[in-house]
Amino acid sequence: MKILVAVKRVVDYAVKIRVKPDKTGVDTQNVKMSMNPFCEIALEEALRIKEAGFAKEVVAVSIGPPQCVDTLRTGLAMGADRGIHVEANSSFLPLTIAKILKSLADVENPGLIFLGKQAIDDDCNQTGQMVAALLGWPQATFASKVVLDKDKQFATVDREVDGGLETLSVDLPAVITTDLRLNQPRYATLPNIMKAKSKPIKKMTLEDLKVDIKSDIEIVEVTEPPKRKSGVIVSSVDELIDKLKNEAHVV
Amino acid sequence: MTRAILTKKKLVLSNAHRFISITNLSRCISTLILAEHESGSIKAQTVSTVVAANHLGESSSVSLLLAGSGSSLQEAASQAASCHPSVSEVLVADSDRFEYPLAEPWAKLVDFVRQQRDYSHILASSSSFGKNILPRVAALLDVSPVTDVVKILGSNEFIRPIYAGNALCRVRYTGAGPCVLTIRTTSFPVTPITESKKATISQIDLSKFKEDAVSRSRYVGQSTQDTERPDLGSARVVITGGRALKSVENFKMIEKLAEKLGGAVGATRAAVDAGYVPNDLQVGQTGKIVAPELYMAFGVSGAIQHLAGIKDSKVIVAVNKDADAPIFQVADYGLVGDLFEVIPELLEKLPEKK
Ligand SMILES: Cc1cc2nc3c(=O)[nH]c(=O)nc-3n(C[C@H](O)[C@H](O)[C@H](O)COP(=O)(O)OP(=O)(O)OC[C@H]3O[C@@H](n4cnc5c(N)ncnc54)[C@H](O)[C@@H]3O)c2cc1C
């Protein structure tokens with residue numbers, strides 16, 4: 001079985017972002033970019049499945065500008081066998097990304113597609129569900145545990161839901177999106193970073209994939225959220241209780 | 001002659017209707033809400049979603065879709081019919097196929113219902129339930145959904161947070177198909193309802209509902225934490241503990257304080273990862289979003305991802321022994337000190353709540 005993993009290049013999670021003064025978006029120039037943390041977890045899980053002998057190949061896919069190659073190299077250094085870079089200079093809505101992934105899945109025929117549950121930039125939490133719908137495959141979202149039954153070709157997945165954990169079993173092929181607690185992604189070691197340099201990354205274009213680009217959402221403006229008014233530091237528990245009682249009226 | 005034209009008109013009527021609904025959304029807004037229910041009653045988040053639907057336009061009609069099976073479904077349906085005066089219809093899909101909320105049959109169901117009644121908007125709350133199913137529905141309809149709407153400016157213009165709530169993005173939906181939204185329910189609080197009204201309840205005829213012969217996903221089980229404390233997402237008071245609590249045992253202090261204030265317990269990712277509390281108590285970008293009247297954080301540093309979940313709280317209190325902890329930048333009241341001293345003192349001195 002082959003596993004396809006979608007990885008997104010995003011502003012690093014530790015960066016305090018700045019909204020552009022012209023309100024067209026968030027400043028991403030000269031800002032540290034990294035692989036979306038949920039995608040790292042997705043890739044890690046795929047690698048573990050391969051290492052357990054359940055998969056033969058792990059293919060990492062990234063869609064976006066030329067710099068996505070760096071993200072793919074990181075994935076290859078973690079252990080992915082090869083990369084696919086779908087070059088695109090504008091950023092796409094999740095629906096288009098899902099269509100691109102569907103069309104890659106039609107060619108690659110993976111048994112599993114892993115994605116992160118959301119990207120920490122657009123916070124959409126949509127792509128995995130949409131790929132599954134387009135392929136007509138079952139989905140297991142927000143996974144915190146994945147157990148494969150290779151003979152019977154299904155996966156048993158614990159999902160993080162609002163009330164606790166839910167367990168599903170999905171027939172393969174399936175789409176799984178990963179939550180934070182699924183695993184602890186490995187670091188790429190120096191020798192593996194060197195080795196990754198010679199692993200193949202195939203470049204593809206939207207024309208190759210014949211995906212129709214839908215843009216049915218327009219960004220009108222991006223603004224900063226309202227600032228909270230600054231607070232006070234109290235010096236004792238008594239003062240705190242007094243403020244909560246007589247100033248804020250919340251206790 | 002006139003008659004010929006009339007018949008022709010009739011023939012294109014369904015198309016014409018569609019055309020109007022596309023070009024002039026504000027005139028006929030009809031919303032389908034995928035409802036969440038549990039043990040015979042509708043969830044509070046769904047009622048908030050109804051409140052949100054009312055912001056879409058003046059003359060809007062709201063239908064609630066409830067799926068499930070058996071008597072608890074019918075009970076929930078009758079309760080849903082009077083949950084908010086703006087609900088005009090409750091649609092019930094009663095079948096074993098909907099016993100559990102599996103995305104595949106549920107997304108197909110929403111599409112099935114939409115094919116029969118042509119809605120301009122399809123909504124659900126941004127819960128794990130809504131986020132699981134609605135994007136799948138949107139892909140079936142070939143439209144882009146909008147996640148986590150915090151403000152509705154019109155029938156097709158919305159505001160949603162991006163980058164862990166550090167920016168607000170105003171988007172306009174320009175597509176021709178139904179507009180699919182998930183609603184951040186803390187942004188649409190439910191005001192007490194005085195008017196009582198009962199919507200009509202209709203059972204959906206599922207005889208033509210086609211599903212793949214063999215279901216390819218199956219529900220295995222669920223482990224839920226029973227708690228008597230109020231629900232984290234809608235509690236008036238939330239008391240949160242971070243990594244600094246150090247153990248399951250110590251975390252009980254947070255629980256005690258919550259009990260005393262009649263509040264819910266929250267946690268940071270670090271506290272959940274360390275195993276002090278279950279994952280469903282995580283507050284933040286990737287956990288629950290809360291907006292209580294009072295939010296108290298003990299031993300929480302205030303990472304970007306945690307703040308994403310608490311910024312809309314009315315009053316934020318932080319207790320941390322590091323005066324430079326980022327949490328103090330959003331706190332209305334900060335106390336620099338050791339939580340192991342502060343919490344016992346609070347427990348002793350705070351007035352009792354019923
Ligand atoms: C993709 C991603 C998503 C994430 N999502 C979330 C999320 O949804 N929610 C979330 O919470 N985190 C999330 N995180 C993690 C987040 O970045 C932080 O790591 C986490 O919030 C830190 O938790 P903490 O404040 O409990 O721990 P720490 O950052 O370790 O802070 C502990 C604090 O306790 C203080 N302290 C220690 N001892 C005492 C004492 N005795 N008395 C008083 N104060 C004391 C310290 O000064 C310190 O400020 C996410 C991270 C990533 C990468």
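User: Which residue, with a positive phi, follows α2(A)?

Analyst: This is a predicted model, in which local features need pLDDT of at least 70 and side-chain atom pairs count only at pLDDT 80 or more, while totals for chains, interfaces and linings use all residues. Residues are numbered from 1 along each chain as its sequence is written, chains are lettered from A and ligands numbered from 1 in the order in which they are written, and side-chain values use heavy atoms, leaving out hydrogens and water. Helix α2 of chain A (helices are DSSP runs of H or I, at least four residues, numbered from the N terminus) covers residues 68-78. The residue after α2(A), whose phi is near 140°, is Gly79(A).

User: How many residues does chain A bring to the contact with chain B?

Analyst: Contact means heavy atoms within 4.5 Å. By this rule chain B gives 85 residues, and the number from chain A is 82.

User: Which residue of chain A forms a salt bridge with Lys349(B)?

Analyst: A salt bridge is a side-chain nitrogen of Lys or Arg within 4 Å of a carboxyl oxygen of Asp or Glu, and seven are found across the interface of chain B and chain A. For Lys349(B), the closest N and O atoms are 3.1 Å apart, and the partner is Asp238(A).

User: What is the bridge partner of Leu168(A) in β13(B)?

Analyst: Strands are DSSP runs of E, at least two residues, and two strands pair if DSSP finds at least two bridges between them. Strand β9 of chain A and strand β13 of chain B run antiparallel, joined by seven bridges. In β13(B), the partner of Leu168(A) is Tyr219(B).

Technical notes: Buried < 20%, exposed > 50% of the residue type's maximum accessible area, 1.4 Å probe, protein only.
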